[in-house]
Amino acid sequence: MKDLIYLGKIVAFLSFIIGTTTLSLYLYFDNSNSIGSFGFYFVIIALVINMLLLVVNIIAIAIDSQHRSELIKTSGIMLLNIPIAVVYFYIVISITLSSVNPNW
């Protein structure tokens, strides 16, 4: 179980770091299409990996009472990436729409 807890925290941290770096590069290089494409595919892949790991964590919470509190904390850390991703998505969409339609 300790490996699952560690893996969950590492995946959540890496998802945050890669997502933040991608957004920063997208903004720095003035809406680069290649960075935008990378970001799109990264979000899809990160979503699948994070969801699978979260489901495994939830199953482990139900099964392992000894590590339950640590697994719940790890799941919470993983879930923190959701509002961050929504804010990043809003930023990208706002910039994209404002460059297409300046009155937006």
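Thr-20 is found in helix H1. In this predicted model, Thr-20 sits 9.1 Å from Ile-84 in space, C-alpha to C-alpha, although the two are 64 residues apart in sequence. Helix H1 turns up again below, in a salt bridge, in a surface patch and in the lining of a pocket.

**Thr-20**

- Is Thr-20 buried or partly exposed? Thr-20 has 22% relative accessibility, so it counts as partly exposed. Buried would mean under 20%.

**The salt bridge**

- Side chains of opposite charge can pair when their charged atoms come close.
- How many salt bridges does the structure hold? It holds one.
- The partners are Lys-9 and Glu-70, whose side chains meet at 2.7 Å, N to O.
- Lys-9 belongs to helix H1 and Glu-70 to helix H3, so the pair ties together parts that are 61 residues apart in sequence.
- Lys-9 has a relative accessible area of 31%, so this residue is partly exposed.
- Glu-70 is also partly exposed, because its relative accessible area is 23%.

**The nonpolar surface patch**

- A nonpolar patch of about 740 Å² lies on the surface.
- Its residues are Tyr-6, Ile-10, Phe-13, Leu-14, Phe-16, Ile-17, Ile-18 and Phe-38.
- Which element gives the largest share of the patch? Helix H1, residues 2-28, gives seven residues.
- Leu-14 is one of the patch residues, and it lies in helix H1.
- Leu-14 has 43% relative accessibility, so it counts as partly exposed. Exposed would mean over 50%.

**The largest pocket**

- Rolling a probe the size of a water molecule over the atoms shows where empty space is left.
- The largest pocket holds about 900 Å³ of space.
- This pocket is lined by 34 residues. Closest to its centre are Gly-39, Phe-42, Val-43, Ala-85 and Tyr-88.
- Which elements give two or more residues to the lining? They are H1, helix H2 (33-63), helix H3 (68-79) and helix H4 (81-100).
- H2 gives the largest share of the lining, with 14 residues.
- By class, the lining has 21 nonpolar residues and 13 polar ones. No charged residues line this pocket.

Note on methods: Residues numbered from 1 in each chain as written. Predicted model: local features only at pLDDT ≥ 70, side-chain atom pairs only at ≥ 80, totals over all residues. Heavy atoms only, no water. Patch = residues over 30% accessible without salt bridge, like charges linked within 9 Å, V, L, I, M, F, W, Y side chains within 5 Å. Areas by Shrake-Rupley, 256 points an atom, 1.4 Å probe, with all protein chains shown as cover. Salt bridge = Lys/Arg side-chain N within 4 Å of Asp/Glu carboxyl O. Helix = DSSP H or I, 4+ residues; strand = E, 2+ residues; numbered from the N terminus. Buried < 20%, exposed > 50% of the residue type's maximum accessible area, 1.4 Å probe, protein only. 1 Å grid on protein atoms, 1.4 Å probe; cavity = no way out; pocket = protein on both sides within 12 Å on 5 of 7 lines; lining within 4 Å. Points joined across faces, edges and corners; volume = space filled by probe spheres on them. Nonpolar A, V, L, I, M, F, W, Y, C, P; charged D, E, K, R; others polar.
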